[in-house]
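The following exercises concern contacts between side chains. Please study the sequence and the structure before working through each solution.

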Amino acid sequence: MQTDTITGTSLTTDSISVARRRSAELEEQIQRDPGRFRVLTGDRPTGPLHLGHYFGTLRNRVRLQDAGVETFVLVADYQVLTDRDVAERQAEIVEELLLDYLAIGIDPERSTVFTHSAIPALNQLLLPFLSLVSVAELQRNPTVKDEIAHSRQSAVSGLMFTYPVHQAADILFCKANLVPVGQDQLPHLEVTRTVARRFDERYGPVFPVPDALLSEAPLLLGTDGTKMSKSRGNAISLSATADETAKLIKGAKTDAERHITYDPDHRPEVSSLVLLAALCEGADPRAVAEEIGDGGAAVLKRRLTEAVNTFMAPLRARRTDYAADRTYLRKVLRQGNERATAVAEATLTEVRQAMGTLY
């Protein structure tokens, strides 16, 4: 059942079950008619993308693109400022992000890659959208609460507080009707769905109400056993060399038990390493664990190193080729920004017409 209320406290088992059922229906529809869908996805350029990103979201973007779904990929440079005072080395990090996108298979002829800061009409949508939600609704959003708790800033900025509404502008500027998310991001998407419904009820039909395409992202921990993160130095980045990868895996945290098993609940660190090897090999993690057995952590780490480096070899080769032509990177971003600008300006014109502010 749809309501006109922004999710306030936490996700319920029922809401997640509904999202999963709807996602299964959407997957069937994508197979039948991919052309009816438009996807918005993206990343904040705060550091190098890593294997957690790849298996969590990046490969799914390439899958949707290759299936024929129109895909918009946002480099959310403005949103870097949600949890820090200054966006450092921004141009360099954005270029590295582009290299990662191209290396994994994002095709700029079929996907539009663009940046927040280059699309004024997108950001202008934030103003009318903010009038559609209340302060209390934003305060109750669980994802905002979590991001504020982990912010690097001493005080909560207005950008951080209104982040879900800015994200609504990201999604609705191109009238995306499908947004791939993990279940922790469902409350953010509910803000977008609420904004779309309220705008259309108040001013007339302009926006689709986007659906969540819930991804079953594998739970990969960092090499230190904590959440895999760009900032913690515990992730194997897509730009890492074979030697850097081997060094990171060699120092990965395991446990005192020699026999290797796949038991995420009771042996999270070992199980995460087993899972990563299985993902890279296209194998079942339990089978991988059984094969290693009494070989212990040393054999596990050797196998994981070989699996990751074999899996990453073609990606690294493509990345090296693209890195040799920085002019091409700038061209990709310029053309993507031009396409996104045209879409955003058309949407903003519709919004102004609906609101009666097109003079």
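**Exercise 1.** In this predicted model, determine whether Glu-190 and Arg-197 are buried or exposed, and state how far apart their closest N and O atoms are.

*Solution.*
Step 1. Both residues of the pair, Glu-190 and Arg-197, are buried.
Step 2. The closest N and O atoms of Glu-190 and Arg-197 are 3.1 Å apart. A salt bridge requires a side-chain nitrogen of Lys or Arg within 4 Å of a carboxyl oxygen of Asp or Glu, and Glu-190 does form a salt bridge with Arg-197.

**Exercise 2.** Describe the salt bridge between Asp-255 and Arg-267, and classify each residue as buried, exposed or partly exposed.

*Solution.*
Step 1. The side chains of Asp-255 and Arg-267 meet with an N to O distance of 2.8 Å.
Step 2. Asp-255 and Arg-267 both belong to the loop between α11 (242–250) and α12 (268–281), and they are twelve residues apart.
Step 3. Buried means under 20% relative accessible area, and exposed means over 50%, with partly exposed in between. Asp-255 has a relative accessible area of 30%, so this residue is partly exposed. Arg-267 has a value of 5% and is therefore buried.

**Exercise 3.** How many salt bridges does the structure hold, and which parts of the chain does the pair Arg-198 and Glu-137 tie together?

*Solution.*
Step 1. The total is 23 salt bridges.
Step 2. One of these joins the side chains of Arg-198 and Glu-137, at 2.8 Å from N to O.
Step 3. Arg-198 lies in helix α10 (residues 186–203), whereas Glu-137 lies in helix α6 (residues 135–140), so the salt bridge ties together parts that are 61 residues apart in sequence.
Step 4. Arg-198 and Glu-137 are both buried.

**Exercise 4.** How many aromatic pairs are counted, and what is the geometry of the pair Phe-72 and Phe-173?

*Solution.*
Step 1. The count comes to eleven aromatic pairs. Among them is that of Tyr-54 and Phe-55, which is edge-to-face, with 5.1 Å centre to centre and 85 degrees between the planes. Tyr-54 and Phe-55 are both buried.
Step 2. For Phe-72 and Phe-173, the centres are 5.9 Å apart and the angle between the planes is 90 degrees; this pair is edge-to-face.
Step 3. Phe-72 lies in strand β2 (residues 70–75) and Phe-173 in the loop between α9 (163–172) and β4 (178–181), so the pair ties together parts that are 101 residues apart in sequence.
Step 4. Phe-72 counts as buried at 1% relative accessibility, and Phe-173 counts as buried at 0%.

Note on methods. Residues numbered from 1 in each chain as written. Predicted model: local features only at pLDDT ≥ 70, side-chain atom pairs only at ≥ 80, totals over all residues. Heavy atoms only, no water. Helix = DSSP H or I, 4+ residues; strand = E, 2+ residues; numbered from the N terminus. Buried < 20%, exposed > 50% of the residue type's maximum accessible area, 1.4 Å probe, protein only. Phe/Tyr/Trp six-rings, centres within 6.5 Å; stacked < 30°, edge-to-face > 60°.
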